[in-house]
Amino acid sequence: MNDIESKLRTEARNLLEQGKVNAIIGFAPGSLKFTTTPLITGDKEDTDRLVINPFIANNLSVFIHDIEGPVGIVAKGCDARSIVSLIQDNQLAREDVFILGIPCPGVIDLRKVEKLVGRDRDEIDDITRDNDRVTVAVGGENKEFSITEVLRDDCLSCESPAPKEYDLLLGEDNVVVGDRELSRSHIRELESLPPAERWEFWKNEFSRCIRCYACRQVCPACFCERCFVEESEPQWISPLPRWQDNLVFQATRVIHVAGRCVDCGECERACPVNIPLRSLTGKMDEIVEELFGYKAGTDKDAPPLMTAYVPEEAEDFIR
Amino acid sequence: MYRRKRKILSGDNMKKIKKKDIGKLLSKWQADFTVFTPSRATGVARMEEWDGKDTDFLTWYRNTVIPPKNNILPNMEAMFRFQKDEAGYQLEPVTPEQKQIIFGIRPCDARALTIIDMVFKDTYEDRYYLTRRQNTVLVGLGCTNPYESCFCTSLGIHPAQSADVDLMLTDIGNELLIEEITDKGKELLGKSSGLTDASSNDEDSAKQSRETAYQKVTRKLDTTGIADKLQASFEDKDFWGKVAAKCVTCGICTFLCPTCYCFDINDEISKGSGARFRNWDSCSFSLYTKMPAENPREEKWQRVRQKVCHKYEFYPRLFDTIACTGCGRCIRFCPVNWDITQTLESVPEHSAV
Amino acid sequence: MSQDAEWEPKILGFLCRWCSYAGADLAGTSRKKYPPNVRIIKIPCSGRVDPLLILKALRMGFDGVLVSGCHPGDCHYQTGNYRARRRIAITKKFLEYIGVEPQRVQASWVSASEGDKWSQVVADVTREIKEIGPNNLFADE
Amino acid sequence: MAITDISNRKKFPANGNVYLPNIAVIEKIIEETADTRTFHFNFKDEKLREQFTFESGQFGEYSVFGVGEATFCISSSPTRRDHLECCVKRVGRVTNALHRLGVGAEIGVRGPYGNSFPLDYLKGKNLVFVAGGIGLAPLRSLIWNVLDNRNDYGNIDIIYGARTPGDLCFTYDLDAWEKDSSVKMTTTIDREHEGWSGRVGFVPQVLEQAAPSAKNAAAIVCGPPVMIRFTFPVLEKLGFTPEQMITTLEKRMKCGIGKCGRCNIGDLYVCRDGPVFSFAQIKDFISSEY
């Protein structure tokens with residue numbers, strides 16, 4: 001148990017004991033190797049199970065809506081941005097959430113590790129990190145990698161691993177280890193293709209989409225009570241999982257969450273059929289930054305991107 | 001508990017084949033069947049039409065992400081086409097006629113088909129499912145390396161033995177031992193080439209291989225009295241609320257579940273002609289049971305409860321078997337690590353109803 | 001893409017009822033000649049245009065989409081067209097990124113008095129879309 | 001007797017493929033309320049018209065091709081066979097599409113599915129029909145069935161209510177039953193309404209006031225879930241046992257034949273084991289699943 005973990009447990013317990021929050025949302029050990037699982041509890045004894053490690057993958061802000069009244073939430077930098085974004089969108093009152101900020105060490109991407117060592121995650125014995133080096137013990141061998149090789153792409157482009165918005169920050173702000181360009185390399189690669197090939201690429205990717213909607217369900221920015229795909233009069237897109245409708249669904253989703261998406265990468269991690277969704281959301285983040293200088297979830301007092309305007313902006317494409 | 005009663009043919013007519021000759025065997029079968037094998041060509045592991053050369057799956061394949069139910073109950077299939085002319089609507093049913101082999105199906109997924117057969121045969125026969133089922137030969141391949149999420153042995157399934165397939169293959173090193181399980185399998189074997197007789201040594205190493213696989217399934221679930229326990233806990237909102245708290249109600253666990261068979265029916269039309277389709281649906285979605293004025297499963301704990309109880313309480317009452325084969329996909333692919341074995345182990349003891 | 005001489009693009013126009021729809025009306029009543037390729041849906045304000053409508057139109061096979069509203073500063077609802085502008089801007093860029101030809105998503109400000117401008121916009125948009133050819137994006141093969 | 005005995009369920013698969021609808025033609029449309037219509041229809045195929053049989057309480061799956069299928073009970077009585085009827089409230093995609101159809105339009109019909117009201121059990125008994133709104137549709141099939149065999153049954157009480165006078169369906173039937181001296185008909189609306197001189201009050205309250213005897217009786221209940229939920233306790237108070245209370249349930253359905261999954265209450269499938277249930281069968285589930 002590390003320092004942050006023990007501090008977190010104490011603070012979380014106190015919050016519940018003092019009745020400041022109705023529930024704590026954090027991470028507990030998962031049932032599989034190298035996983036954690038969301039812990040959502042009002043029971044103070046449960047706080048002893050809270051953990052902080054390089055596998056705290058979920059964006060926990062997605063659970064805030066489930067809890068009535070004030071809630072204490074363990075937040076990485078990206079989670080906190082999602083919380084801020086929810087506040088901007090009037091989905092949440094600042095006083096209803098107690099942010100237990102943690103300087104995020106970066107989350108290890110198990111798909112990357114699997115690829116690097118050529119083994120599935122459950123065949124790996126251990127993954128340990130020492131600053132910028134990561135050691136993967138597999139098949140009686142220790143393989144060493146640089147942290148940038150195994151961190152999630154969204155972590156590589158992270159500019160503030162520790163939340164800027166918090167009630168309590170557990171530990172010091174982290175040094176940014178990221179490599180923004182590396183994290184966007186797939187986007188650059190796609191951009192270098194002719195349009196028809198780009199379309200072909202996404203057509204192929206969405207051919208295997210099974211419409212499980214995990215991307216939407218894990219996304220804190222997807223908070224609509226009824227998603228457009230569920231409307232039947234009119235029926236905007238067919239419920240059948242054709243690539244065309246899968247692609248329309250996802251493209252619309254990405255546009256709808258523009259200015260709310262904090263590039264937490266959870267949609268991509270959740271996708272059971274490996275569609276590189278972050279290459280869509282990440283591009284959208286670039287677009288809103290380039291056009292409007294906007295970064296989602298960085299200023300809780302700012303109006304949401306799509307409700308604001310500057311009289312003279314983005315006029316060049318209009319006749 | 002439900003057990004498949006089928007005679008497994010004894011050892012004296014067992015065959016084997018060299019792994020390097022599998023390609024030839026599949027090519028031979030391709031003359032009469034569409035052959036499906038594990039494939040990652042589309043970017044996700046699933047049973048795909050064999051490309052005529054790649055047998056790499058023999059090294060990487062542990063199990064598919066998309067379960068082979070997709071090849072019998074596809075995630076989307078046309079049921080009939082319709083067209084309107086002067087005489088009115090004309091309907092033309094679509095019948096799945098393709099004869100297919102699913103090569104490499106795991107015992108858990110094969111059992112899953114046996115389990116969902118019961119629904120599709122019950123009261124009204126489902127032509128689409130049953131025709132595909134009839135037209136399919138299952139060639140099982142025993143596991144040698146189960147996942148950490150696997151718990152098939154807790155549900156009476158052997159990771160490397162199966163009576164739910166037509167032919168069963170066991171990895172014995174450089175070769176695969178072949179057992180005939182059904183007449184359909186026997187017939188297919190008759191159309192095969194490159195096989196040699198297996199020796200008693202081969203059978204011993206197959207036995208060894210199976211035993212090792214069995215021992216490797218370490219996740220255990222005690223299912224004793226589970227249906228009664230669930231029934232007694234049905235109204236325990238506290239329990240279900242806790243269990244469901246971290247569920248995000250996506251459709252991964254149900255869509256990737258080899259025994260989840262629920263579907264939706266939808267029409268498509270353009271310029272007067274169209275088709276009726278069915279596609280996978282999931283009890284995780286609130287829309288699944290939504291009626292105009294009410295929804296009996298509006299809350300996510302109700303939907304999680306439905307999923308668990310359907311598999312471990314209702315299905316056993318209806319068909320005398322648990323509708324879960326311990327394939328572990330719902331655990332492995334869950335974005336929040338919701339673990340059905342943990343849920344089932346934590347069902348509280350209530351006094352019986 | 002094959003260029004059938006007979007082929008004429010089908011373009012879906014979302015026109016704000018206060019300015020552009022009136023502008024198009026004016027173009028009609030003043031007998032301006034312009035291509036008949038735009039099918040018009042009257043909307044209360046260009047701010048009504050959800051990107052979904054644009055995608056749905058393309059999915060349905062329209063060769064292009066034209067959103068037209070009041071000039072900046074003239075919105076009947078004060079800010080609707082500014083919001084539309086942000087939305088269409090990101091939609092256009094994003095669709096371009098995934099491989100949709102930028103010409104397929106068009107926007108214009110046309111006031112109630114600009115019948116001439118409307119006919120010009122339609123002529124230009126139709127020509128541009130004609131140049132890139134039919135929308136085969138969602139075709140199966 | 002078991003109401004959900006499925007052994008004698010009528011199977012009526014068309015062309016051996018249960019999912020393939022039969023073409024039927026709309027012959028007449030009756031405006032019941034502002035959003036509810038009754039469709040009279042007949043199968044296009046003459047042979048089928050003759051062969052088709054059903055029992056009161058069974059339902060069908062109705063198609064508007066290109067839009068989809070929806071589930072409605074057959075609201076006409078099997079004793080009156082020159083056409084079939086279904087009553088449709090406009091609430092969604094398929095029902096909207098059905099309302100757009102006119103006389104002569106073709107629809108698809110699959111069925112009949114599900115079990116039916118237990119006539120053998122009901123014979124010789126006093127019957128209490130309790131219905132709300134469009135919930136009268138399935139009961140209406142049974143009521144006419146019973147009235148057409150009037151001597152087989154005892155007293156008949158009908159308690160029917162709707163939100164407003166304009167929401168009362170089958171007013172032509174209500175008039176007929178009102179005039180029938182062998183029927184005790186009570187019509188009520190939820191709240192006072194201009195021009196309504198009849199009874200006012202919610203169906204369960206009116207039932208409680210009417211207080212039909214439970215002796216040698218059976219109550220058949222259908223209406224919105226909230227009405228059903230409040231009606232059972234009243235019947236219990238009046239001395240009806242769970243076995244004496246019969247209802248027909250409505251759930252979202254797709255296949256109608258127990259495959260697609262969604263309409264279950266516990267291990268009972270409303271389409272396959274129902275839609276007619278005794279309260280005894282469903283009381284364990286009714287609190288949280290209905």
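Here are four short exercises on a predicted model, each with a worked solution.

Local features need pLDDT of at least 70 and side-chain atom pairs count only at pLDDT 80 or more, while totals for chains, interfaces and linings use all residues. Residues are numbered from 1 along each chain as its sequence is written, and chains are lettered from A, with ligands numbered from 1, in the order in which they are written.

**Exercise 1.** Work out the strand order of the open sheet of three strands in chain A.

*Solution.* Start with the terms: strands are DSSP runs (E, at least two residues), numbered from the N terminus, and two of them pair if DSSP finds at least two bridges between them. The order is then β5-β6-β7 in chain A, with antiparallel pairing. Next, look for the edges: β5 (124–130) and β7 (141–146) of chain A each pair on one side only. From one strand to the next, the twist averages 20° (axes are lines fitted to C-alpha atoms, and angles run from 0 to 180 degrees between N-to-C directions). Now zoom in on β6 (residues 133–138) of chain A, which six bridges join to β7(A). Finally, V138(A) sits opposite E141(A) of β7(A).

**Exercise 2.** Find which elements chain A brings to its contact with chain B.

*Solution.* Count residues first: 30 of chain A are in contact with 32 of chain B (C-beta atoms, placed from the backbone, within 7 Å). The elements of chain A giving two or more residues to this side are β2 (36–41), α9 (214–217) and α11 (266–270); helices here are DSSP runs of H or I, at least four residues. β2(A) gives the most, with three residues.

**Exercise 3.** Describe how the two domains of chain D meet.

*Solution.* Take the bounds from the automatic or database domain assignment: domain 1 is 14–113 and domain 2 is 119–250 + 277–289 in chain D. Their centres, over C-alpha atoms, are 24 Å apart. Then check the contact: 16 residues of domain 1 of chain D touch 14 of domain 2. On the domain 1 side, β1 (22–33) and β5 (84–89) of chain D give two or more residues.

**Exercise 4.** Say whether helix α3 of chain C is largely enclosed or not, and why.

*Solution.* Helix α3(C) covers residues 80–98, 19 in number, and reaches 27 Å from first C-alpha to last, close to the 27 Å expected (1.5 Å times one less than its number of residues). Now burial: 18 of those 19 residues of α3(C) are buried (20 or more other C-beta atoms within 10 Å of their own), so the helix is largely enclosed by the rest of the structure. Just past α3(C), G99(C) has a positive phi of about 115°.

Terms used: Buried ≥ 20, exposed ≤ 12 C-beta atoms within 10 Å, placed from the backbone.
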